[in-house]
Each structure stands twice: as C-alpha cells, then as structure tokens.
Amino acid sequence: MSAIPNAILGDGEELLQICFVTHKLEESAGWFSRMTGLPLPPVSYAADPDKAQAVYQGRPARIGCRIMMFNFAHIDLEFIEPGPEPSAWRDLLERKGPGFHHLAFKTRNLTRDAASLEGAGHAMLQRGEFQSGTGRYAYFDTEGGPLGGLIELLEFDRDKQPQ
C-alpha cells in the first residue's frame, strides 16, 4: 500500500499505536489483560523532564506519565496515566474522562509532517524526547474532527530523514 500523493501525513502508512488515557493505570490495563488473556505488561514512564525537553502549548514543560503497553504483531495498545500537571494527556482525560487519546504514526520526517498537520489547522499541543534517547514524539490537535482524539507522530533516530 502506498500513501496518497500530497497526503497530510506524507509517509503515514505505519500506524504504531492506539492509546487510551486513564485515571487508574493498573486497573485499566488489568481489565484489558483479563479480557484478552494477555499478560500484564510492566509499567514504564515518560522521559525524565530534563531528558524529555518537553514543550506543551508552546512553552517548556515538566510533565510526566506512567505507561503500560500491550504489544501485538503489528500494533501496540498503550494505556497512559498522566501526572497531575497540565499536558496533552491530562487535558483530554479531564475533559472527556478515561478513553481513547490518540493514534500514533511513525514518521521519518517530523519537521515535514508537523508542518503539514499544522498547515491543515491541527496545532501541535505537545512534543518531547523519548526516555531511551532514540527519538521524539509530537501530539497534534485533531480532537474536534471525526477522530475524536489526537494524532501522535513518532520519529526514531535510526531511520530519520535529513531535515
């Protein structure tokens, strides 16, 4: 399958994650584990604030979250429990309650795809570096559209295009 020419997400063929936000990480992930029979994954964390260099609504931010990730053959199902501070995670959870947060796409050129999304009227809400130091993420405001949630772009250093 190849992307439609001039698609907003230039090479958005790789859907990597579906994410849900929750007030109670272990409870939500435990329910999913019981429903599917899959083992409960370990808890991981967003990058340390100094490493993350997060920006939220255009300003430097010290934000965090706890994460549990169920890995499937071609996609991951992610549960996020945000910290108490304002963030793209916390804001959507407070507005809508627990539920769908975002679809995450792999990009090889975050600069290009961020400009395309912003040019289509989808503001960048939050961005930061991975805890592993191997890439970065950015969330875009697509909540008001048919998706009902956000789009996340994930860029990995190992296959990043020159920007």
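**Group meeting: a walk through one predicted chain**

Let me start at a single residue, Gly 135, which sits in strand S9, where a strand is a DSSP run of E with at least two residues, a helix is a run of H or I with at least four residues, and both are numbered from the N terminus. Before going further I should say that this is a predicted model, in which local features need a pLDDT of at least 70 and side-chain atom pairs count only at pLDDT 80 or more, while totals for chains, interfaces and linings use all residues. Residues are numbered from 1 along each chain as its sequence is written, and side-chain values use heavy atoms, with hydrogens and water left out.

Is Gly 135 buried or exposed? Gly 135 counts as buried, since its relative accessibility is 0%; the cut-offs are under 20% relative accessible area for buried, over 50% for exposed, and partly exposed in between, with a 1.4 Å probe and protein chains only. Leaving out residues up to four places away in sequence, Gly 135 touches Glu 129, Phe 130, Glu 155, Phe 156 and Asp 157, contact being defined as heavy atoms within 4.5 Å. To give a sense of distance, Thr 22 lies 113 residues from Gly 135 in sequence, and their C-alpha atoms are 25 Å apart in space.

Now the chain as a whole. There are four helices and 10 strands, and in sequence order they follow the pattern β-α-β-α-β-β-β-β-α-β-α-β-β-β. For 163 residues, a compact globule would have a radius of gyration near 15 Å, and the chain has 15 Å, which agrees; this radius is taken over C-alpha atoms, and the globule rule is 2.2 Å times the number of residues to the power 0.38. The C-alpha trace spans about 40 × 35 × 30 Å along its principal axes, and buried residues make up 44% of the 163. Of the contacts with a separation of 6 or more, 63% are between residues 24 or more positions apart.

As for the surface, the accessible area of the chain is about 8700 Å², and 57% of that belongs to carbon and sulfur atoms; the areas come from the Shrake-Rupley method with a 1.4 Å probe, and for residues only the protein chains shown count as cover.

Let me turn to helix H4, residues 110–119, in which Leu 110, Asp 113, Ala 114 and Leu 117 are buried. These residues cover an arc of only 105° around the axis, which puts them on the same side of H4, the arc being that of the directions from the helix axis to the C-beta atoms. In general, an α-helix has 3.6 residues a turn, so residues three or four places apart point the same way. What covers the buried residues of H4? The cover includes strand S7 (99–107), strand S8 (124–129), strand S9 (135–140) and strand S10 (150–156). On the face turned away from the buried side, H4 carries the exposed residues Thr 111 and Gly 119. Ala 115, also in H4, counts as partly exposed at 48% relative accessibility, and its C-alpha is 9.8 Å from that of Leu 9, although the two are 106 residues apart in sequence. After H4 comes Gly 121, with a positive phi near 90°.

Helix H3, residues 88–96, has Ala 88, Trp 89, Arg 90, Leu 92 and Leu 93 as its buried residues, and H3 is followed by Gly 97, whose phi is positive, near 85°.

My last stop is strand S3, residues 55–56, which holds Tyr 56, a buried residue with a relative accessible area of 10%. Which residues is Tyr 56 in contact with, leaving aside its neighbours within four places in sequence? They are Ala 61, Pro 86, Ser 87, Ala 88, Asp 91, Leu 125 and Gln 126. The C-alpha atoms of Tyr 56 and Leu 125 are separated by 5.8 Å, with these positions 69 residues apart along the chain.

Two glutamines deserve mention here. Gln 53, in the loop between helix H2 (49–52) and S3, has a positive phi near 50° without being a glycine, and at 55% relative accessibility Gln 53 counts as exposed. Gln 57, in the loop between S3 and strand S4 (59–60), likewise is not a glycine and has a positive phi of about 50°, and Gln 57 is exposed, with a relative accessible area of 53%.
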